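Here are some exercises to work through with the model open beside you. Try each task before reading its solution.

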Amino acid sequence: SGARGNGEAPRIAPSRVAVLVCGHAFSASLLLVVNKWALKVFPYVWVLTTLQFLPAALLVGLAGTLGLAEVDPLSWKKLATFFPAAGMFFITMTAGNAVVKHSNVDTFIVMRSLVPIPCAFLE
């Protein structure tokens, strides 16, 4: 199941896709509820988002160090290249947490579900 020599993406079984989609939906819904609870206990949105990203970065670094994953070394050029995209992603995640903090989970789910519609038209 690697990349084919003709440049086509490998075919993935529909059942595997369904499992991955359901797993993502389950994980995202749990994270939403956990974030709502966490923001009631710890109301600092920027700090909470940063604390959520730090373990992920540390685990990736550790996996690379242990040889469990192939991780490219960091360089200032690479950091500067990816900073705008990574920064916007971080801001988007923080904005989502801010919405969750000031509204209920149902409102956030509706908002998150509707955002792709205008984005599709703007593309």
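**Exercise 1. The nonpolar core**

Task: Find which residues make up the largest nonpolar core, and which helix gives the most to this core.

Solution: This is a predicted model, so please read each value below as computed from predicted coordinates.

- Step 1. Gather the members: Leu32, Ala38, Leu39, Val45, Leu48, Val100 and Phe108 form the largest nonpolar core, with 7 residues.
- Step 2. Assign them to helices. At least two residues of this core come from each of helix H1 (14-41) and helix H2 (45-65).
- Step 3. Pick the main contributor: H1 gives the most, with 3 residues.
- Step 4. Check one member. Alanine 38 is found in helix H1, and its relative accessibility of 11% falls under the 20% cut-off, so alanine 38 counts as buried.
- Step 5. Look along the chain from there: the C-alpha atoms of alanine 38 and leucine 79 are separated by 30 Å, with their positions 41 residues apart in sequence.

**Exercise 2. Helix H1 as a rod**

Task: Work out how the reach of H1 compares with the span expected at 1.5 Å a residue, then say which of its residues are buried.

Solution:

- Step 1. H1 has 28 residues, for which 40 Å is expected.
- Step 2. From first C-alpha to last, H1 reaches 41 Å, close to that expectation.
- Step 3. Now the buried residues of H1: these are Ala28, Leu32, Asn35, Lys36, Ala38 and Leu39.
- Step 4. Ask what they face. The buried residues of H1 pack against H2, H3 and H4.

**Exercise 3. Helix H3 and its bend**

Task: Compare the expected and modelled spans of H3, and find where H3 has a kink.

Solution:

- Step 1. The 27 residues of H3 should span 39 Å at 1.5 Å a residue; the end C-alpha atoms of H3 are 37 Å apart, which agrees.
- Step 2. Follow the axis and you meet a kink of about 50° at phenylalanine 83, shortly before proline 84.
- Step 3. List what is buried in H3: Gly87, Phe90, Thr94, Gly96, Asn97 and Val100.
- Step 4. Those buried residues pack against H1, H2 and helix H4 (105-114).

**Exercise 4. Aromatic pairs**

Task: How many aromatic pairs are there, and how are the rings of phenylalanine 53 and phenylalanine 89 arranged?

Solution:

- Step 1. The count comes to 4 aromatic pairs.
- Step 2. For phenylalanine 53 and phenylalanine 89, the centres are 5.8 Å apart and the planes make an angle of 90°, an edge-to-face pair.
- Step 3. Place the partners: phenylalanine 53 lies in helix H2 and phenylalanine 89 in helix H3 (residues 76-102), so the pair ties together parts 36 residues apart in sequence.
- Step 4. Judge accessibility. Phenylalanine 53 counts as partly exposed at 29%, and phenylalanine 89 counts as partly exposed at 46%.
- Step 5. Widen the view: ring pairs link Trp46, Phe53, Phe89 and Phe90 into a cluster.

**Exercise 5. Two residues of H2**

Task: Are threonine 49 and alanine 63 buried or exposed, and what does each of them touch?

Solution:

- Step 1. Threonine 49 is in helix H2 and is buried, with a relative accessible area of 0%.
- Step 2. A polar atom of the threonine 49 side chain lies 3.0 Å from the backbone oxygen of valine 45.
- Step 3. Not counting residues up to four places away in sequence, threonine 49 touches Phe90, Met93, Thr94 and Asn97.
- Step 4. Alanine 63 is also in helix H2; its relative accessible area is 17%, and alanine 63 is buried.
- Step 5. Leaving aside neighbours within four places in sequence, alanine 63 is in contact with Leu68 and Ala69.

**Exercise 6. Two loop serines**

Task: Where are serine 75 and serine 103 found, and which backbone oxygen does the serine 103 side chain reach?

Solution:

- Step 1. Serine 75 is in the loop between H2 and H3 and is partly exposed, with a relative accessible area of 30%.
- Step 2. Between the C-alpha atoms of serine 75 and lysine 101 the separation is 35 Å.
- Step 3. Serine 103 is in the loop between H3 and H4.
- Step 4. The side chain of serine 103 reaches the backbone oxygen of valine 99 at 2.7 Å.
- Step 5. Beyond residues up to four places away in sequence, serine 103 touches Lys36 and Phe108.

Conventions:
Residues are numbered from 1 along each chain as its sequence is written. This is a predicted model: local features need pLDDT of at least 70, side-chain atom pairs count only at pLDDT 80 or more; totals for chains, interfaces and linings use all residues. Side-chain values use heavy atoms; hydrogens and water are left out. A nonpolar core is a set of buried Ala, Val, Leu, Ile, Met, Phe, Trp, Tyr and Cys residues joined through side-chain atoms within 4.5 Å. Buried means under 20% relative accessible area, exposed over 50%, partly exposed in between (1.4 Å probe, protein chains only). Helices (H or I, at least four residues) and strands (E, at least two) are DSSP runs, numbered from the N terminus. Rings of Phe, Tyr and Trp (its six-membered ring) pair if their centres lie within 6.5 Å; planes under 30 degrees apart count as stacked, over 60 as edge-to-face and the rest as tilted. The expected span of a helix is 1.5 Å times one less than its number of residues. The bend at a residue is the angle between axes fitted to the seven residues ending there and the seven starting there. Contact means heavy atoms within 4.5 Å. A polar contact is a pair of N or O atoms within 3.5 Å; within protein, one must be able to donate a hydrogen and the other to accept it, and residues adjacent in sequence count only if both atoms are side-chain atoms.
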